[in-house]
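Reader: Hello! I would like a close look at a single part of this model, with the surroundings described well enough that I can place that part. Could you walk me through it in one connected answer?

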Amino acid sequence: MTGGRVSSKKYVGSKVNIVRWRPAASHYTHADTFISGTWGDGENEVCVWRVPECDDDPNLQHNLKHQGNVNDIQYVSRDTFATASSTGSVHLYQHNVGGHLEHKTSWKQIHSFRTSRSPCTGVTSNGDQIASVGEDGKLIIINPTQERPLRIMESVGGCSVYAAVYVRANEILTGSLQGYLRLWDIRAAQPAKTILHSIDQVGVYDLAVHPTQQHLVAAGGDDGALAIWDLRHTTQPFTIIAAHNGPMSEVRFHPGAPDHLFTGGLDGQLLHWDASTSATPTHTHITPYTPSRQHQGGSVTVWVSSAVGSGCVDTTAIIPPSPLPINSLDIDGTTLIAASDNEAIYTVRQVMLF
Amino acid sequence: MLVVKSLNAEHKDLVHDVAFDFYGRRMATCSSDQTVKIWDLNDDDGEWVCTASWKTHCGSVWKVTWAHPEFGQIIATCSFDRTAAIWEESVSDSGHGVHSTWIKRAGLVDSRTSVMDIEFAPKIQGLQLATCSAGGVVRIYEAPDVMNLNQWSPHYEINCKLQCSCISWNPSPSRLHAPLIAVGSDDPNPASGGKVFIYEFSANTHKWTRVETLVTVTEPVHDLAFAPNLGRSYHLLGIASKDVRVIALKPTKQDGSQGQSSLTSFEVRQAGQFDDHGSTVWRVSWNLTGTILASSGDDGCVRLWKANYLDIWKCISVMRGDAVENVGEAEETNNSIQPCGGTASGQHTARYFKLAPTAHPSHVPWH
Amino acid sequence: MDSISRDTEEKWALPDPVLLGRMHGVVSSLCNSLMVFPHRHRLHHEGSQLEPGKEVRLYQVESFSWLWGRQARKLINESVGTFLSLQKIMQEGGGAEERKPTLVKKCREYRSMIQASMEESIIFEPEEVESDLHAYGQVLYKMELILSLLEILFIDTKPGGLVLNQLVVWVRSHFPTNHEKKSEALESDHPHQHPSYWEIIYGLVLQGSLDDVRQMLSHHPRADTDPFLSMDELLRKMPFYQVYGGVSAAEFTVRWQHWQGECERRLEEGHFATCPKLLTICKILCGDLDTIGSLWDLTDTWYHLMVSTLLYTNPTAKLFHLAGAAQDAIEHTRGNHSAITPLDRILLASMEADTHQVIKECQQVLDNPWFTTHLTDLLYHTFYQQAEFKFLGDLRETLILEYSEVLSGHGSLWQVGVLYLDHCGTSGIAMAQVVLERRPLTSDAVAHKVVQMARDRKFDNVVMSVCRVMGRRALDLDRLGSAIWWGVRSRDAAFTSHIAHKILQRYVEDGKFESSPLLDQLGPAMLLSDTLTFLGKYREFHMLYQDGKYQEAATLLVSLISSKLAPEYFWPVLLLDALPLLKCPKPVITSEQTYELMYLLNNLHTATTTNTEKQNGTATETSQEAFLEKERDIRLALTNNLAKAIIKEGTVES
């Protein structure tokens, strides 16, 4: 299923922590613009890049200064996105006509420790609200039109939270340093349930929800292993497959072909997980989570098949391992973008046939 | 190109010592005004911000030193008032902002004379602290429970017989080397012999023993420092006396695991001796990789020394403090009341200026 | 400092009004920043030594590197890939013939990076100060010029050691003006009317671009006349030595001499008498030194002049000819030119094959360790195992250390610095540990990255140290969950015990457990310290109790009590926990176990009464009071249980 990959590497002069495709204008086109956020410099920035049709490197369209490291980026709509800053703030940006970015508003230092700043580590959105998590262990719900956060939820125990995803309109799953996933019903007073990740407190660094089967969640761990969770059976993950030689930095399902999954790690590897060839699709009978749009795959998924359960998934390295961590990746159509501490943005075309 | 950033130390008297924490992001200054100030590097603008200032002693504070961050945020000070003290930071949020206060965990009052120098041991030796006094006594204290800083036991006492001015632990991270301390004396009489003593701790006998006296250094020693050892087979000691010395100490007998209370003997080699200052040298200090030695002397200059790949030491840079009598910037800053960090005074917010070389290096042959 | 390898020191002045500017210094942190301040040696004085109105200023002196500009950072990050792959291939071994193509390839990679950087520096960054950018472009140009020359002379050597052809190409590519002007002239309607028509032609001749010369001459109105035709023939027939052309050097020399003889003959026969310009060309072809010398200003530099001269006097020149030729060329140009520049010295040293001098000069001139480091590395691998170049090994290590030290001092490039240190022997390993250990841990993300790099390199001590510091910091912030996670990873028994105590003490105070999920799943980490083991087991007891497994809960509780793992302040809690179990209608605690509990209670009673007298510890005090109230209750329950247990045990036996 891997065609003639063409990958290019563009050195951008600062360490890139996060890359995200801007959603395509319609379902019939593919994204051609992405944004990136940097970390580790005295002055950090968010940048807009355009990927040309031909095999050229992406071109910088515009950049804006960003206070603190950009730890995460999440689109709220096609035109607005939120960033998570190491200063504990959440910022909202907007794409303007002409490719320029505009800083719309900020929720300053909403994440904080008792006596100092706490980095905000992740943002997620359900299209209306923004949810942010931080090293302070808080989950904060923001309405983009309101100055003050809607809700601040704190888990006892004092532990960093690294990842958050909406699994339903009102349910957020978070992953923490201590390795447990927690499902929050943001309407209820207390988190609905806590799910444990593994017995060795393997930290959860990133979470991704299956685009159509929203009870399926992939978690990337501190130990470099990928855990597939079926949220209907929460006593243990459906499967755990080791792959990276160090913490996993990002996990992404392919939005249109969710049998494919991509992971990046601090070990510099960028992996393509193809479950379609090794496993036969399984019908998932219970569908309490009605997917909003059904892409190909429908109610059928290979991720809870017995083959995957026994760890049998094809993994291939997309690029030669980078000597420094791969911090982020995103995929749309057949083009994958990834960012590394080697100050390079990778553009991989024809990463898979689609 | 050198870039200089200056800041008002805000002390009411001369500053005696500046110490950086393990990461170089915190700084402690001490002064004759009997106070210590703690400065933190602001992430946003790279400026030093004073976060604490308090009276620490009843006399000039000579030295300040940081413990390894594994033990927490801890400093130790020593003073003319014959005491040394250990301080731990406590950060609290009063509701009106975050305050850092430094709590005195221990007062070390054993000395009957001015305590001249103080230094924490390398972390591999636990939470240990060495002091030396004008009365010639080196004291080593230890907090047996690193989680309890209130208890410091006098671990060992060495009488050097000559007045002491400075002390330095060998920072070598290797487990192969027994702990070493170098002590310098500023006794003015050359006839009293060598002024630098090396003491070694034996794990078997639990004793500190003098293993070496540098007989070549008979002039008063004002400062000395062991260089961080990055894979060298010998230790380097920088000494400030009437000139700058770099001494290499090569252990000739390895008392490894099999060593039964045997002490190391050293092959002492003078790697460099420089009288470029042409006057008394007051301070020496190493960079963290042990490759560059900085020295300051009565000629008002700071000199940087470095060895080339053939291990030949040379001066690579000289910085001279120019006397400027209230002109330009100096006056401007005098007239303005500055908050911590010297960030006020209009256009000079960052107070950076590039140093222009006063002389270009001329070309001379290498060898 | 960036001046670390100078022969002579650089002098800098620092203006300060206090103490006539007497300074003394302190060095700090990896970035070699130096704190300097005015100071008088400590003599104790009453009253301030500071004159009124003066303030003590501290001066933080830092080196500012050329390498920290955006353009240079691309170079830094791209070159590390080339450097690493070169080391990898070289480590795999192979003979000189296998190594050479790699070295040539890598050298060209470095050159193309420099060239790309040059192009970008021309296009981008208009906001940068013009002069800075110009200086940057100049440095890049020099680096490329030097590297390409060294590639020809030492790395991409040809059989027989003939260097001239490559040198001609080198000169052409670095002095492209003639070719540019040629295109410009040819685009016009009347090329021969171009103001520098003949200069272009001479320049092309001096660069050996004879086809271009013929093209230019063909546009002359008199191109059909005899002198022009004769010249065209000479130009066309000039032999060029081809390394792999199948012609031996000796054979080539015969042909060359024959051709030059022909040129001389036509010159003497006056073929070009009517056209002085062609006469000049012919004289160049004949290798007439005076003529070539008189045109030296068309060559711009002595090294161009040298190549042009050799082209028509010694076309089979080898490396050892260059030293003399270079001296001659310098001699010739010196009369007109200003003093010899540092760049000249580097090129001269290259032609004299003095690599030692080349590296040294580069260090002084280029003001950045990037170039010297990579150059020395290339040369080191080129002259690998050659006795006379043994010094390159030590020099290479020193330079890599220096380069990575500069990188490590930068807030963002420290990771790249560590990659270089992997190829730098024992001092590299030692320094990598220092770099990693001293990286400010500004966030969990940085800590994880440091740990990852340290773990990859098996720097266990660094991993432990980072975890301890992170744990300590979390503890200071009262974040016990994070603290215990880092504590467990640091494998520090004392530290984890301390946290476990904190958690237990807090439980004694408010009866709540923080981060219970973690405590419930400690697994093997529990064995790190006694207190942690106790804490983990105690949580297990709670779970059993909650699940209604009273029998097992009771057994565990009693074993916890008898094992003496529990800290003394926790004993009352354990006994109170036993209370509901003792009151179970069906006894779950055996008589044996009851005796244990009674024994503990008595111990505790003595301890508590003496402790209360001593009045220490406020946290435990309240619980002790609560305990004393309950003591009667417990005694009663114990007695009742004992009675029930004995009856039950007796019943079973009978």
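**Helix H8 of chain C and its surroundings**

Author: Happy to help, and please keep in mind that this is a predicted model. Among the contacts in chain C between residues at least 6 apart in sequence, 57% join residues at least 24 apart. Chain C has 654 residues, and buried ones make up 47% of them. Its secondary structure comes to 29 helices and 4 strands.

A map of the chain helps before zooming in. The domain assignment splits chain C into domain 1 (18-64), domain 2 (69-162 + 366-409), domain 3 (170-317) and domain 4 (566-654).

Now to the part I would pick for your close look, helix H8 of chain C, which covers residues 226-237. Two packed helices are described by the angle between their axes and the distance between the axes. Let us take the two partners of this helix in turn.

The partner to start with is helix H10 of chain C, residues 276-285. H8(C) and H10(C) pack at an angle of about 20 degrees, and their axes are 11 Å apart. The two helices are therefore roughly parallel to each other, and their crossing is left-handed. On the H8(C) side, the contact is made by Pro227(C), Met231(C) and Leu234(C). H10(C) brings Leu278(C), Ile281(C), Cys282(C) and Leu285(C) to meet them. Sorted by class, this contact has 7 nonpolar residues, with no polar and no charged ones.

The other partner is helix H9 of chain C, residues 249-268. Here the angle is about 165 degrees and the axes lie 10 Å apart. That makes H8(C) roughly antiparallel to H9(C). The crossing of H8(C) and H9(C) is left-handed. Ser230(C), Leu234(C) and Lys237(C) of H8(C) make this contact with Trp259(C), Glu262(C), Cys263(C) and Arg266(C) of H9(C). The class count for H8(C) with H9(C) is 3 nonpolar, 1 polar and 3 charged residues. Leu234(C) is worth clicking on in your viewer, since Leu234(C) is listed in the contact with H10(C) and also in the contact with H9(C).

From there, let us step back to the wider chain. The C-alpha centres of domain 3 and domain 4 of chain C lie 110 Å apart. A pair of residues offers another ruler: Glu596(C) and Asp290(C) are 306 residues apart along the chain, and their C-alpha atoms are separated by 114 Å. Glu596(C) sits in helix H28 of chain C, residues 591-614. With 15 other C-beta atoms within 10 Å, Glu596(C) is partly exposed. Leaving aside neighbours within four places in sequence, Glu596(C) is in contact with Val558(C), Ile561(C) and Ser562(C).

Chain C also touches chain A, in a contact that takes 29 residues from chain C and 36 residues from chain A. The elements of chain C that give two or more residues to this side are helix H1 (70-91), helix H18 (414-421), helix H20 (444-456), helix H22 (480-490) and helix H24 (516-520). H1(C) gives the most, with 7 residues. By class, the side of chain C that touches chain A has 8 nonpolar, 12 polar and 9 charged residues.

Conventions
Residues numbered from 1 in each chain as written. Chains lettered and ligands numbered in written order. Predicted model: local features only at pLDDT ≥ 70, side-chain atom pairs only at ≥ 80, totals over all residues. Contact = placed C-beta atoms within 7 Å. Nonpolar A, V, L, I, M, F, W, Y, C, P; charged D, E, K, R; others polar. Axes fitted to C-alpha atoms, helices over the stretch in contact; angles between N-to-C directions. Parallel < 35°, antiparallel > 145°, perpendicular 65-115°, else oblique. Left-handed = near helix turned anticlockwise from the far one by under 90°. Domains from an automatic or database assignment. Buried ≥ 20, exposed ≤ 12 C-beta atoms within 10 Å, placed from the backbone.
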